[in-house]
Amino acid sequence: MNSFGIKFRFTTFGESHGKAIGCVVDGVPAGLKIDEEFIQSELDRRRPGKSKFATARKESDKVEILSGVFEGKATGTPIAMVIFNKDQKSRDYSNIKDIFRPGHADFTYYYKYGIRDYRGGGRSSARETAARVATGAVAKLFLKEFGIEVEAGVVEVAGIKAKKLDFKYARESEIFALDPSVEEQQKEAILGAKEAHDSVGGAVLVRARGVPVGLGEPIYYKLDAVLAEALMSINAAKAVEIGNGCEASRLLGSQNNDEITAEGFVSNNAGGILGGISNGEEVIAKVYFKPTPSIFQKQRSIDIDGNEVEVELKGRHDPFVAARGSVVAEAMMALVLADMLLLNATSKLENLQKIYNA
């Protein structure tokens, strides 16, 4: 499937080394102001080639809006956006044309479709996430109308964990680090792995503030379930936690419950979601990313004929994919919340009566 969402729905298209990547966004309410500079600024945050902590592939990621916007506002029809690829080096992959790269989707894509697009991973490449970020930027513009803000940052690198969270600082950090006190250690871990022709994994914390009570469609479209699905769809994501996550399994009910007073919830162990519905607190999720599978060490594999081979990669790859993954995590949470806002609009008869002046 290449589409996501019900009411606020988007489809992405394109491959890593194809002519372009892009998206079509449907369900954007007519009249929403579409700030093209903001959309571009979001893409610039994710853009490759900006530092030694990311791939050297240099893409401008200049977005072009093809439809659905007139005089700066959404028309209510599908918004199509395209980003043309400019810096492909497909020849870097010629030596693995018929070889499966360990840790990559090459093996599964080939046996599913019977076609081998070896150029940077084709459709399975994280290059596709640029289209998600463009779509997520539109979702953020929509959420802004309701006072909802989504932000994220790197909370862990190679086991080095943040001790405090500063989302404002993360926006300026080269690796989107949430804690300046451990950022240098985290950077050293990334560069150390890079020098050893290896890679490291990490975790991203993403949160939404200003989320109203009531978002989420039980039983089969719960906010936490759909959010987990959205975040797990990001390349290299291997686990997602909502609120306390796995830690909740180690606590007593008396420790994990969020007590309620006249002023509101005393804590937020639930991560802003109860019974699949937002409770008005911050919605909080953590995404765990595996080490980038593209490493420059000799590894064992097989070719498309089943012969055992030794593979040594070339090309340009992120030594730490979670950094730019944090921008994608923001986009995916924004898209889920935008969808849930539209779905929730029809949850009560009185809402419809207001619309139609009944």
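Q: Let's start with one residue. Where is Lys52 found?
A: Lys52 sits in the loop between α1 and β4. Keep in mind that this is a predicted model, so every value here is computed from predicted coordinates.

Q: Is Lys52 buried or exposed?
A: Look at relative accessibility: buried means under 20%, exposed over 50%, and partly exposed is in between. Lys52 comes out at 49%, so it counts as partly exposed. Setting aside residues up to four places away in sequence, it touches Leu191, Lys194 and Pro319.

Q: What does UniProt list Lys52 for?
A: An unreviewed UniProt entry lists Lys52 under "binding site", along with Arg46. Arg46 is found in helix α1, and with a relative accessible area of 3% it is buried, because that is under 20%.

Q: Which residues is Arg46 in contact with, leaving aside neighbours within four places in sequence?
A: Contacts across the sequence are a handy way to see what a side chain is wedged between. For Arg46 they include Asp61, Arg127, Thr129, Arg324 and Val328. Now switch to Thr129: this residue is in helix α3 and is buried, with a relative accessible area of 4%. Beyond residues up to four places away, Thr129 touches Arg46, Asn235 and Val328.

Q: Asn235 rings a bell. Which residues does UniProt list with it for "binding site"?
A: The unreviewed entry has Asn235 together with, among others, Arg123, Ser124, Ser125, Ala236, Lys290 and Arg316. Take two of these. Ala236 lies in the loop between α6 (223–232) and β11 (237–242). Its relative accessible area is 18%, so it still falls under the 20% cut-off and is buried. Leaving aside neighbours within four places, Ala236 is in contact with Tyr288, Phe289, Lys290 and Val321.

Q: And where is the place of Arg123?
A: Arg123 is in the loop between α2 (106–113) and α3 (129–144). Apart from neighbours within four places in sequence, its contacts include Asn2, Thr12, Gly14 and Tyr109. There is a polar pair too: a polar atom of the Arg123 side chain lies 3.1 Å from the backbone oxygen of Gly14.

Q: Next, sheets. What order do the strands of the 5-strand open sheet have?
A: In general, strands of a sheet pair through backbone hydrogen bonds, either parallel or antiparallel. In this open sheet the order is β1-β2-β3-β7-β4, with antiparallel pairing. The edge strands are β1 (3–4) and β4 (63–67), each pairing on one side only. Helix α1 (residues 36–46) packs on the sheet and touches β4 and β7 (79–84), its direction making about 135° with that of β4.

Q: How many bridges pair β2 with β3?
A: Strand β2 (residues 9–14) and strand β3 (residues 20–26) share 6 bridges. One partnership to look up on screen: Thr12 with Cys23 in β3.

Q: What do β17 and β18 form?
A: They make a hairpin with 5 residues between them, and Gly306 in the turn has a positive phi of about 90°. The two strands run antiparallel, joined by 4 bridges, and Ser301 stands opposite Val309 in β18.

Q: Last one: how many residues has the largest nonpolar core?
A: It has 77 residues, and those with the most contacts inside it are Phe8, Ile39, Met81, Leu231, Phe289, Met333 and Leu337. Helix α8 (residues 322–344) gives the most to this core, with 17 residues. Another core, of 7 residues, lies apart from it, with Ala162 and Phe167 among them.

Key: Residues numbered from 1 in each chain as written. Predicted model: local features only at pLDDT ≥ 70, side-chain atom pairs only at ≥ 80, totals over all residues. Heavy atoms only, no water. Pairing = 2+ DSSP bridges. Contact = heavy atoms within 4.5 Å. Axes fitted to C-alpha atoms, helices over the stretch in contact; angles between N-to-C directions. UniProt positions renumbered as here; feature names shortened; annotations may be inferred. Polar contact = N/O pair within 3.5 Å; in protein donor to acceptor, adjacent residues only side chain to side chain. Buried < 20%, exposed > 50% of the residue type's maximum accessible area, 1.4 Å probe, protein only. Core = buried A, V, L, I, M, F, W, Y, C linked by side-chain atoms within 4.5 Å.
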